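Hi everyone, thanks for having me. I'd like to walk you through one structure today, so please have a look at the screen.

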Amino acid sequence: MAQFDYDIGIIGGGAAGLTVASGAAQLGAKALLIERESALGGDCLHYGCVPSKTLIKSAHVYHAIKNASAYGLPSVDVPPVDFRKVADRIRSVVATIQEHDSVERFCGLGAQVEFGEARFTDAHTVDLDGRPFSAKAWVIATGSSPVVPPIEGLRETAHLTNREIFYMDKLPASMTILGGGPIGIEMAQAFSRFGSRVTVVDMSNQILGKEDKDLADAVMAVLANEGVIFHLNATVVRVREEGDRKVVVIKAAEGIEQELVSETILVAIGRTANVNGLGLEAIGVDFNRGGIKVDNRLRTSRKHIFAAGDINGAYQFTHAAGYEGGIVIANAVFRLPRKADYTYLPWCTYTDPELASIGLNEKAAQARGIDYSVWTEAFQDNDRGLAEGERIGRIKMLLDEKEKPIGVQILGPHAGDLMSEWVAVLNGKMKLSTLASAVHPYPTLGEINKRVAGNYLAPKIFSDRVRKGLKLFFNLKGRACHQPQDKCLHDCEME
Ligand SMILES: Cc1cc2nc3c(=O)[nH]c(=O)nc-3n(C[C@H](O)[C@H](O)[C@H](O)COP(=O)(O)OP(=O)(O)OC[C@H]3O[C@@H](n4cnc5c(N)ncnc54)[C@H](O)[C@@H]3O)c2cc1C
């Protein structure tokens, strides 16, 4: 008789847990998936990526209608946003995707799904409402929750997090957002476009702290131009509720206190790993504030217990969770020593314009002491960008001292999608000359990728040396036309 009930048990039915459950079950492992909420899908489906991107699209369309005259169309007086309808659309998109993450589908794949709050009673057994389930290997994929910092008065003051913001009954007239990270900034632009008066507070000297400051500042300028108010280098001192008004008291770098009054507060300061109640201390699984500690095979301090997704604190993205799910299947089910490698893990902040990144940016290269050069191309020189009315943004390509690409950042329309080509280039170790010489359809935003590679190669191809050599070899006559400002009026190259 088998020693354990299951080959693999997974706690958490979000991006990471679902990937492990479906993959392991389809490959023949007896898999158990435990979820504490009433539906599968996790934060991404219910309170994260899907609702936020659906909301952002509604805000984008509303903004475009309001700005119709910029496209040569009649200007329109649009009625205010009825947020219940936006929330209904979000619910309908979530419901459609939910079918893909249904219990029936997972059962069809061969995985058993149980609902309830899981707690380890020993290193191989989990208790679920008094029922024990044992497995040879376990995966902790319990995700993360919004941090609500111990700011005076914050807990006593009604506020929003990503759990509530997508399903509100009405549009707040005004919103103070604590935190200028990706979630705070995406929401700031979307709610400002809907018509809320939005103020963002961040203690740092830039928004989107992981990004290069020049690109983050460019995003901030767009939002500021649309009406978002920013308080950087500012700390929140205390918060209080006065009737239906919320008051956030901030202290600027100069030490001056200021009161920000709004109808609601969104707390978007960061994420904390969902470790509480799992009984990890008792079974010897190490964790700290950043999450559960793992090695590069995603094994915890108990080698048969793995941690994937937001819970390990590495990269808190759905695609990272999915990637890590694959690493866990290889290690936990098949004992293949596959290691996680995040060198080319891309990400994107879905503002308009979007800001996407892969590999090292300038900040990261400097932190590692790498000598690099930066090559850029602007969207204002991209014909499709101009046709679309999208002039803001640029691509930055970083090369190391051996002229090997080490990272790319794109600020611009559909930057997240444009990044896909670099995902292939960098992972496939493709030469920049291949990218630069590959034919791209015209006119597309994607030509910017080819152009930035071309910018790097052009000085090598069109150098004086090459030109002189070709001229001699093929007996070419040289320039046919000269600008008046040219220093020499005939065949300068040959002199
Ligand atoms: C507003 C917002 C927008 C985002 N947008 C993007 C985006 O555009 N792109 C992107 O890549 N990422 C985005 N993210 C991040 C993304 O949502 C997370 O990285 C992803 O959901 C992590 O997946 P996970 O499986 O680790 O955790 P989760 O999806 O959170 O799943 C964990 C699951 O574990 C369950 N659980 C917890 N404890 C227990 C327990 N004791 N017993 C049983 N079940 C338990 C939870 O209920 C949950 O369902 C966004 C996040 C937020 C908040």
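I'll talk about the ligand site and then about some salt bridges.

One thing up front: what you see is a predicted model.

Okay, the ligand. How many residues surround the ligand? There are 36 of them, and the closest are Ala16, Glu35, Lys53, Asp310 and Thr318. If you sort that shell by class, you get 14 nonpolar, 14 polar and eight charged residues.

Let's go through some contacts. Glu35 puts a polar side-chain atom 2.6 Å from an oxygen atom of the ligand. With Arg36, a polar backbone atom is 3.1 Å from a ligand nitrogen atom. Cys44 also uses its backbone: an N or O atom there sits 3.4 Å from an oxygen atom of the ligand. And how much of the ligand's surface does the protein bury? On its own the ligand exposes 1,000 Å², and 94% of that is buried by the protein.

Now, which elements build the shell? Those giving two or more residues are α1 (15-26), β2 (31-35), α2 (42-47), α3 (49-66) and α9 (318-333). The largest share, four residues, comes from α2.

Next topic: salt bridges. Searching the whole structure turns up 25 of them. Let me pick out a few.

We've already met Arg36, with its backbone atom by the ligand. Its side chain forms a salt bridge with Glu117, at 3.2 Å from N to O. Arg36 is in the loop between β2 and α2, while Glu117 is in the loop between β3 (112-115) and β4 (118-122), so the pair links distant parts of the chain, 81 residues apart. Are these two buried or exposed? Each is partly exposed: Arg36 has a relative accessible area of 47%, and Glu117 has 42%.

Glu37, also in the loop between β2 and α2, pairs with Arg163 at 3.0 Å, N to O. Arg163 sits in the loop between β7 (144-146) and β8 (174-178), and the two partners are 126 residues apart. Arg163 is partly exposed at 32% relative accessible area, and Glu37 is partly exposed at 28%.

A third one: Glu403 and Lys460 meet at 3.1 Å, N to O. Glu403 is in the loop between β22 (394-400) and β23 (405-412), and Lys460 is in helix α14 (residues 447-461), so this pair ties together parts 57 residues apart in sequence.

Finally, there's a network: Asp212, Asp214, Glu362, Arg394 and Lys396 are joined through salt bridges that share partners.

Terms used
Residues numbered from 1 in each chain as written. Predicted model: local features only at pLDDT ≥ 70, side-chain atom pairs only at ≥ 80, totals over all residues. Heavy atoms only, no water. Near = heavy atom within 4 Å. Polar contact = N/O pair within 3.5 Å; in protein donor to acceptor, adjacent residues only side chain to side chain. Areas by Shrake-Rupley, 256 points an atom, 1.4 Å probe, with all protein chains shown as cover. Nonpolar A, V, L, I, M, F, W, Y, C, P; charged D, E, K, R; others polar. Salt bridge = Lys/Arg side-chain N within 4 Å of Asp/Glu carboxyl O. Buried < 20%, exposed > 50% of the residue type's maximum accessible area, 1.4 Å probe, protein only.
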